[in-house]
Amino acid sequence: MTYSISSARTQSAPFSIPVIPQSPKSLERQLEEAREYARFVSDKYGVMSAEAATAWDIVEEILAARSDLRQQEPNRAAFEDYCREFPEAFEARMYDV
């Protein structure tokens with residue numbers, strides 16, 4: 001899904017913002033781009049414009065997607081995070097007995 005803002009005043013948006021929640025890191029990057037775009041639109045057309053409202057709605061949708069993604073993640077212990085980050089560590093090795 002791609003969001004872009006256009007109206008009678010804007011012939012084309014300077015860039016479009018794809019919202020595809022694949023991983024938390026890509027979602028964070030998309031959120032950063034959406035915020036940058038919303039600020040650009042707000043500066044260009046004013047904070048009370050329909051274009052700015054649409055741009056900030058996109059930011060809210062990405063925030064909601066991020067929240068949903070975080071709720072779907074299982075709760076892990078710090079040790080599990082350590083093992084995933086350092087799989088070569090002695091503690092992270094799994095042996096079949």
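**Notebook: a predicted chain, looked up piece by piece**

Entry 1, Ala34. I started with one residue, Ala34, and found it in helix H1. The model is predicted, so I keep that in mind throughout. Is Ala34 buried or exposed? Its relative accessibility is 0%, so I put Ala34 down as buried, the cut-off being under 20%. I then looked for a partner far along the sequence. Ile62 is 28 residues away from Ala34 in sequence, yet the two C-alpha atoms are 8.3 Å apart in space.

Entry 2, the outline. I stepped back to the whole protein chain. I counted three helices and two strands. In sequence order I read β-β-α-α-α. The chain has 97 residues, and 27% of them count as buried. I noted an exposed area of about 7400 Å² for the protein chain. Carbon and sulfur atoms supply 52% of that area. For contacts I took residues at least 6 apart in sequence; 44% of these contacts join residues at least 24 apart.

Entry 3, confidence. Before going further I checked how far to trust the model. The mean pLDDT of the protein chain is 78. I also noted that 71% of the residues reach 70 or more. Where is confidence lowest, and where is it highest? The lowest mean, 51, belongs to strand S1, residues 2–3. The highest, 91, belongs to H1. Residues 7–12 have pLDDT below 50. Beyond near neighbours in sequence, I found six contacts for that stretch in the model. Where pLDDT is low, the predicted coordinates should not be read in detail. I therefore leave the fine detail of residues 7–12 alone, their pLDDT being below 50.

Entry 4, the core. Next I looked up the largest nonpolar core and found 14 residues in it. Which of them have the most contacts inside it? My list reads Leu27, Ala34, Val41, Ala55, Val59 and Ile62. Two elements give two or more residues to this core: helix H1 (24–45) and helix H2 (50–72). In soluble globular proteins, nonpolar side chains tend to be buried together.

Entry 5, Val41. I picked Val41 from that list and placed it in helix H1. Its relative accessibility is 2%, so Val41 is buried. I checked Val41 against Ala53, 12 residues away along the chain. Their C-alpha atoms are separated by 9.2 Å.

Entry 6, helix H2. I counted 23 residues in H2. From first C-alpha to last, H2 reaches 33 Å, close to the 33 Å expected at 1.5 Å a residue. Which residues of H2 are buried? I wrote down Glu51, Ala52, Ala55, Ile58, Val59, Ile62, Ala65 and Leu69. An α-helix has 3.6 residues a turn, so residues three or four places apart point the same way. I keep that rule beside my list, which includes Ala55, Val59 and Ile62.

Entry 7, after H2. I followed the chain into the loop between H2 and H3 and stopped at Arg76. Arg76 has a relative accessible area of 41%, so I class it as partly exposed. Setting aside neighbours within four places in sequence, I found Arg76 in contact with Asp81 and Arg84.

Entry 8, Tyr82. Helix H3 covers residues 78–85, and Tyr82 is in it. Leaving out neighbours within four places, Tyr82 is in contact with Ala89 and Glu91. Ala92 is 10 residues from Tyr82 along the chain, with 7.9 Å between the C-alpha atoms.

Entry 9, aromatic rings. How many aromatic pairs are there? I count two. Tyr82 and Phe86 form a tilted one. A pair of aromatic rings is described by the distance of the centres and the angle of the planes. For Tyr82 and Phe86 I noted 5.3 Å centre to centre and 45° between the planes. Are these residues buried or exposed? Tyr82 is partly exposed at 32% relative accessibility. Phe86 is also partly exposed, at 33%.

Note on methods: Residues numbered from 1 in each chain as written. Predicted model: local features only at pLDDT ≥ 70, side-chain atom pairs only at ≥ 80, totals over all residues. Heavy atoms only, no water. Helix = DSSP H or I, 4+ residues; strand = E, 2+ residues; numbered from the N terminus. Buried < 20%, exposed > 50% of the residue type's maximum accessible area, 1.4 Å probe, protein only. Contact = heavy atoms within 4.5 Å. Areas by Shrake-Rupley, 256 points an atom, 1.4 Å probe, with all protein chains shown as cover. Core = buried A, V, L, I, M, F, W, Y, C linked by side-chain atoms within 4.5 Å. pLDDT = per-residue confidence, 0-100. Phe/Tyr/Trp six-rings, centres within 6.5 Å; stacked < 30°, edge-to-face > 60°. Expected span 1.5 Å × (residues − 1).
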